[in-house]
Structures are given as structure tokens and as C-alpha cells.
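Student: Could you take me through one part of this model in detail, namely the surroundings of the ligand, and then add what can be said about the strands and the helix?

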Amino acid sequence: MSSRTSDTSDVLVIGGGIIGLVTAWRAAQRGLATAVVDPEPGGGAARVAAGMLAAVTELHYGEERLLALNLESARRYPDFAAELSELTGHDLGYRRCGTLAVALDADDRAHLRELHALQQRSGLDSEWLSGRECRRLEPMLAPGVRGGLRVDGDHQIDPRRLAAALVAACERAGVTFHRAWAERLDVAGDRAAGVTTADGTGLRAGRVVLAAGSMSGRLAGVPEALLPPVRPVKGQVLRLTVPRRYAPFLSRTVRAVVRGSHVYLVPRENGELVVGATSEELGWDTTVTAGGVYELLRDAHDLVPGITELPLTETRAGLRPGSPDNAPLLGPSGLDGLLLATGHYRNGVLLTPVTGDVMAEVLANGRLPEEARPFTPQRFGAAVLMEQPA
Ligand SMILES: Cc1cc2nc3c(=O)[nH]c(=O)nc-3n(C[C@H](O)[C@H](O)[C@H](O)COP(=O)(O)OP(=O)(O)OC[C@H]3O[C@@H](n4cnc5c(N)ncnc54)[C@H](O)[C@@H]3O)c2cc1C
């Protein structure tokens, strides 16, 4: 336990990434006295992420349950973005521009045809285009493009702006920020009671939400059996700038699988072009490597040769919070008073609206909404207890 006790709140959220912030904002809107503990709220993976809202083009075999949650969150995005930007005055860079997924060779085309068939079986909107039709939509594409999928419903948002707006929304809703590192979870009488920060301060709370992204599986004090099975998956990303004279360089997100690895180009309205992303299982390493940058530029150049003309303005690596089934863990943890909102992996930006709503409902009313039931931590073997309403 801690050497001195500071604040007491109804809800204490560990982690001020987009998932912790949206949870705190929505909980505070429900009238709960809410606090966030994080040395740098608004940072985390959102600082690196591309911000594709890609429920349809990110569909993978075996992820049909996740698809339903992704689609539900995509459906909520327009209202969510409007509410957040109206409340804070922040422009979120939410752009309803659609996505084009293309194939560069016969193998890519076969892969894309499979994806198209899966999308159709799942009742999703996507249209097969010839190479020529793809280039008519996006003239900067390489002449060798063999075909592609036009998905008008997969949009984008700027995750850095989203994070900044969520911090502002939390402040307006009266959320307290403790700019500190949570060293351990404190448990009293078989119930989560708060945390002790790195300087020994105790923060007490009625409920604690663990939303620490890729660090969620490491918090001291959480019973071993209940630690969420979340691991870091490194992604390197480049940012280029499209000079005005080249605009519009690309009008929508363009993505492809090149030699088996995924590459995407996400054009923002302000001229930023995000090129991502590697996927590496290397623990908590966030080094930007020559190899990572090389691969991204090589694959992006195969797709859109003109990118080599653009200034390269930033290189960064971040950590996706991966879970065993690539889906998030939402709701009660198995320890009374401790809830989880983590494991959002490559869809955390997309899943921000639905996560905020789900977590606020379980915190305010003790009821996990229907759409979140397949995503309880229980599916990995931990016992889940019912939360008591606030
Ligand atoms: C390269 C890359 C590209 C991506 N592209 C997309 C995309 O296009 N679309 C999409 O939907 N998603 C994308 N994502 C995924 C998305 O960014 C993440 O799923 C999401 O940001 C996770 O948010 P989070 O709040 O759960 O975790 P994080 O962003 O990791 O935030 C966790 C926070 O917790 C804090 N913290 C951790 N431990 C403690 C502690 N003990 N005490 C106090 N604070 C603590 C950290 O400081 C951090 O601020 C991408 C991710 C990466 C890395």
C-alpha cells in the first residue's frame, strides 16, 4: 500500500491513451467522479497510428465477431466525431474519403479476390475494379496495378488530433489528471481499491479501469491469473508531406499487400501523407530501423512511384496492444472493482466510440451492453464477476 493517500474518485482509469481517455470522458458525462493516471495523457500509440477506420478492408478470416464490433463503432463515428469536435472546437481530421485496396501482381490479385469473396459473404459493400478503373480513380497509382477493391465506407481520422480533443473533452467534463506512473494496483479486501504511483502516492477509487495499452499485462498487484494477455506489436510508420503543387496527390486511402506485407498510404487534408506500417513482435522496442523505413518506402514506391519526390518529414514506431484473438478485452476482469479496456490491437482508433459507450454503461449501470459480450476477458479463462452499479 502507499505511503500517502491523495484523491478519491468513483472511477480511476490507468492509461490516458485514446481508450482510457474515451472511457474517462464518457464516464464523467454519466456523472461519475473520474480520474486518469498517466505521465503523458494523449500520447501512446495514437501518436503513431494512421487512423484508418477500416472495418471492411481490415477484415480477416476468423474475425467475424470482431467485424460486428468494428462495424458498430464505424456506424457511431459520424455522431461521435461531431459531438467531440463541437464540444472542444478541435478539428479531428475526420475524412469520409473511402479506401482503395489494390493488387500489384497475380498473387496479390488472388489474395484480394479472396478478401472480396469474404466481404461479400459478410454482406459488406465493396466493388471490384479493373486496373484501369483503379488508375482512373487514383492517377498516381503505378501502371502495373492489376485490379482493386473500392470500399467507400472505410474512412480516416487523425489520431493525434483525436487524442488531443479527448484530453480537452475530459478536462471540460471535470476529469482529474494525475500525471504519474501507476506502479501497482492496490487491492483491499479482495477488491481493487486504487493504485500507488511511482512517487508512493495512493490514488483511491471505487472502480479501477486498466487501459494501459500494450503495458496492460504488466501491472504489479493484479492477480497473476487475471493479467490480460496483451502483448506489444511494433509498427513503424513514415510521414511525408505533399506540397500544394502536387495536390491532390491521392484522394482516398490506398492500400495493398506487397510481397506478403501490408502497406498503406493515408492522405490527410492538410497535406500529410502517412505511410505504414510494419508489424513486428519485438517486445517493447520502438526503434525506427533502416530496414523498416526501407521496406515501407520500397513497397509504397511500387504502389505509387511519385512518393519518392515528396519530403520525408517523420519516422516513428509505436506499439499496438495485441491480444490472442486480435480483439479487445472489455468489462469486468474477475477481480471485483477492476475492469479492463485494452487489447484493441490494430483497430483501437476505429473502436474508440463503441469502447467509450460500452465502458460508461458498465461503470454507470453495471451492465455490459450486448455488443460487448463476446469481448469479455472471460473468453481467455478468467472468471468474471458482476459489477455493482454506481
Ligand atoms: C503503427 C500503428 C498503426 C496503427 N494504425 C491504426 C489504424 O489505422 N486504425 C486503427 O483503428 N488503429 C490503429 N492502430 C492501433 C491504435 O493506435 C491502438 O489500438 C490504440 O491507440 C490503443 O490505444 P490504448 O489507449 O489502448 O493504448 P495506448 O495508446 O498504448 O495508451 C496507453 C497509455 O497508457 C499509459 N500507461 C501504460 N502503463 C501505465 C501505467 N502503469 N501507469 C500510467 N499510465 C500508463 C501510457 O503512457 C499510454 O499513454 C495503430 C497502431 C500502430 C502502432
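Tutor: What follows looks at the ligand and its shell, then at one strand with its partners, and last at one glutamate. This is a predicted model, in which local features need pLDDT of at least 70 and side-chain atom pairs count only at pLDDT 80 or more, while totals for chains, interfaces and linings use all residues. Residues are numbered from 1 along each chain as its sequence is written, and side-chain values use heavy atoms, with hydrogens and water left out.

Around the ligand there are 39 residues, of which the closest are Asp38, Ala45, Met52, Ala182 and Tyr345; a residue counts as near if one of its heavy atoms lies within 4 Å. By residue type, this shell divides into 25 nonpolar, 11 polar and three charged residues, where Ala, Val, Leu, Ile, Met, Phe, Trp, Tyr, Cys and Pro count as nonpolar, Asp, Glu, Lys and Arg as charged, and the others, Gly among them, as polar. At least two shell residues come from each of α1 (18-29), β12 (231-241) and β16 (312-322), and β16 supplies the largest share, four residues. These elements are DSSP runs numbered from the N terminus, helices being H or I over at least four residues and strands E over at least two.

Backbone N or O atoms also face the ligand: one of Gly51 lies 3.1 Å from a ligand oxygen atom, one of Met52 lies 2.8 Å from a ligand oxygen atom, and one of Arg346 lies 3.0 Å from a ligand nitrogen atom. Taken alone the ligand exposes 1000 Å², and the protein buries 94% of that, with areas from the Shrake-Rupley method and a 1.4 Å probe.

Turning to the strands, β6 (residues 147-151) has four of its five residues buried, buried meaning under 20% relative accessible area with a 1.4 Å probe and protein chains only. Strand β4 (residues 99-103) pairs with β6 in the antiparallel sense over five bridges, and Thr99 has Val151 of β6 as its bridge partner. Strand β5 (residues 127-130) also pairs with β6 in the antiparallel sense, over four bridges, with Leu149 of β6 as the bridge partner of Trp128; pairing requires at least two DSSP bridges between two strands.

Finally, Glu72 is found in helix α2 (residues 64-88), and Glu72 counts as buried because its relative accessibility is 18%. The side chain of Glu72 is joined to that of Arg75 by a polar contact of 2.6 Å, which is a pair of N or O atoms within 3.5 Å where, within protein, one must be able to donate a hydrogen and the other to accept it, and residues adjacent in sequence count only if both atoms are side-chain atoms.

Note on methods: Buried < 20%, exposed > 50% of the residue type's maximum accessible area, 1.4 Å probe, protein only.
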